[in-house]
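Dear colleague,

I am passing on the structure we spoke about, with its sequence, and below it you will find an account of what was found. Please keep the two side by side as you read.

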Amino acid sequence: MNTVTMPLRIRSLATSAARRLLPSEPLSHEAHRAIYGDLSYLDGRQIVVAAELSGLCGQGGAAFPAHRKMTAVREAARRSGRRAVVVANGSEGEPASAKDKALLWHAPHLVLDGMALAAAAVGADRAFLAVESGHGLGRYLTAMSRQRPAPAVPVTIIEVPQRFLSGQESALVSFLDGGPALPRYQARPVFERGVGGGPTLVQNVETLAHLALIARHGPGWYRSGAATSLFTVREADSAPTVVEAMPGTPLGVLTGAGAATGQALLVGGYHGTWLPLTATALEAASPATLGVPLGAGLLAVLPHDRCGLVETASVLRYLALESAGQCGPCLNGLPRMAAAFNELAHPTPRSDLRRLRDDLSRWAGLITGRGACRHPDGSARLARSALIAFAAEVDDHARGRCRAPGRPPMLPTGPASPAAPIEQGV
Ligand code: SF4
């Protein structure tokens, strides 16, 4: 028996079992084949073309077109004469997010199928599946991978530390090369020079699972809007629910009944955007029509009895502590912003409110685009959106008033998402 700690709350709004990303039960390889059917192998170029025709984009945060990444790695491998490497990214450093862990737990073979396709697409001779440590996923997935016939490209499953930036591309490469799981300055991009110096494709696990469905049902099926996406929905202090939804699903349906009593929504994750939550938005908007990056697919509902400034101050402090601290924006800018937001979060009569606001806006502008990775940009986005979404609370705090005095932050800033341990034989 192997102890696996996983979020158990799954809600699927998809209709056909054969086209779901999240089956209701974790599937063995035999059950996976019975439900999804065998994978018809295409050649590398056909896979890239299928990805392009489908419009598949990365589901890990950056939403970069999958076929362009594959093409870049293929070309780099051809130019350098080196074999490519594939890294499936299931490391999900966001403490509030759980959708990639749920996918790996429920549909490991869909991800492994996608890895085989990606390896063929870029001509890789090695593949790694990177998962977050501390959940038993490494052992579970190793056992699952042994159920499969010997793959054309060997897959190694690795556990990466539970840190916010562990899943950043250069951090993964650093860790696989024996270094710390932190972003590093790279003179050449990972697609040219990644693991062991070889051209490396880093692709999110949900993207790879989509690729496995596209290989079965065709790019037209994906493009038609029949494919689902995964979201992590959080409300107050409860454990997260991972929701599988069709495009266009209204926010109110996606987030559930609790959202009706929410005041704001954090969209995308800790590098995301706070938006006011209105009845109109819940009924008429879907994630895609919100007009903000969906990032890692987090939708966190802030109830009326919580303070958005306290939440933001807590997350900014966490983001400042999680940086690699090697570039100016992270070394100087993020700690200053976190400290200033901490002041805003404390309701106390003050006369320097305008200065604090101006400083925060100025620092957010100064750090954006100045780091070796996008960590400062995402942190600045969060801070800016909070100043807008919680402008009334900022004024209230400066008068010494708060709508949720003394309530601790609900958004987790520890390593792991709240989850229930379960025993599972593998
Ligand atoms: S911007 Fe920050 S997190 Fe990114 S590499 Fe530089 S110090 Fe590290």
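Before the domains are named, one definition is needed: the domain bounds used here come from an automatic or database domain assignment. On that basis, the chain is divided into domain 1 (13-224), domain 2 (228-303) and domain 3 (308-398). Please bear in mind throughout that this is a predicted model.

I begin with the four-stranded sheet. Its strands form an open sheet in the order 5-4-3-6, and the pairing is parallel. At the edges are strand 5 (155-160) and strand 6 (200-204), each of which pairs on one side only, and the twist from one strand to the next averages 25°. Strand 3 (residues 84-90) is joined to strand 6 by five bridges in the parallel sense, and within this pairing V85 has T200, in strand 6, as its bridge partner. Helix 3 (residues 66-80) packs on this sheet, where it touches strand 3 and strand 6, and its direction makes about 165° with that of strand 6. Helix 4 (residues 99-106) also belongs in this picture, since it lies across strand 3, strand 4 (124-132) and strand 6, running at about 115° to strand 4.

The second sheet has six strands, which form an open sheet in the order 2-8-7-11-9-10 with mixed pairing. Strand 2 (10-12) and strand 10 (273-276) stand at its edges with a single partner strand each, so one side of each is left without a neighbour in the sheet. Neighbouring strands here are turned by 25° against each other on average, direction ignored. Strand 7 (residues 229-235) and strand 11 (residues 298-303) pair in the parallel sense over four bridges, and R234 stands opposite A300 in strand 11. Helix 4 appears again at this sheet, lying across strand 2, strand 7 and strand 8 (241-245) and running at about 125° to strand 7.

That brings me to the contact between domain 1 and domain 2, whose centres, taken over C-alpha atoms, are separated by 25 Å. The contact draws 20 residues from domain 1 and 21 residues from domain 2. The size of an interface is often given as the accessible area lost when the parts come together. For domain 1 and domain 2 the buried area is about 1700 Å², with carbon and sulfur atoms giving 63% of it. On the side of domain 1, the residues that lose the most area to domain 2 are L13, A96 and K99, which together account for 35% of what that side buries.

What kinds of polar interaction are counted across this interface of domain 1 and domain 2? The number of salt bridges between domain 1 and domain 2 is zero, while nine residue pairs are found in polar contact across the interface, with both residues at pLDDT 80 or more. Helix 4 and helix 8 (205-217) each supply at least two residues of the side of domain 1 that touches domain 2, and helix 4 gives the most to that side, with three residues.

With best regards

Technical notes
Residues numbered from 1 in each chain as written. Predicted model: local features only at pLDDT ≥ 70, side-chain atom pairs only at ≥ 80, totals over all residues. Heavy atoms only, no water. Pairing = 2+ DSSP bridges. Axes fitted to C-alpha atoms, helices over the stretch in contact; angles between N-to-C directions. Contact = heavy atoms within 4.5 Å. Buried area = accessible area lost by both parts, 1.4 Å probe. Salt bridge = Lys/Arg side-chain N within 4 Å of Asp/Glu carboxyl O. Polar contact = N/O pair within 3.5 Å; in protein donor to acceptor, adjacent residues only side chain to side chain.
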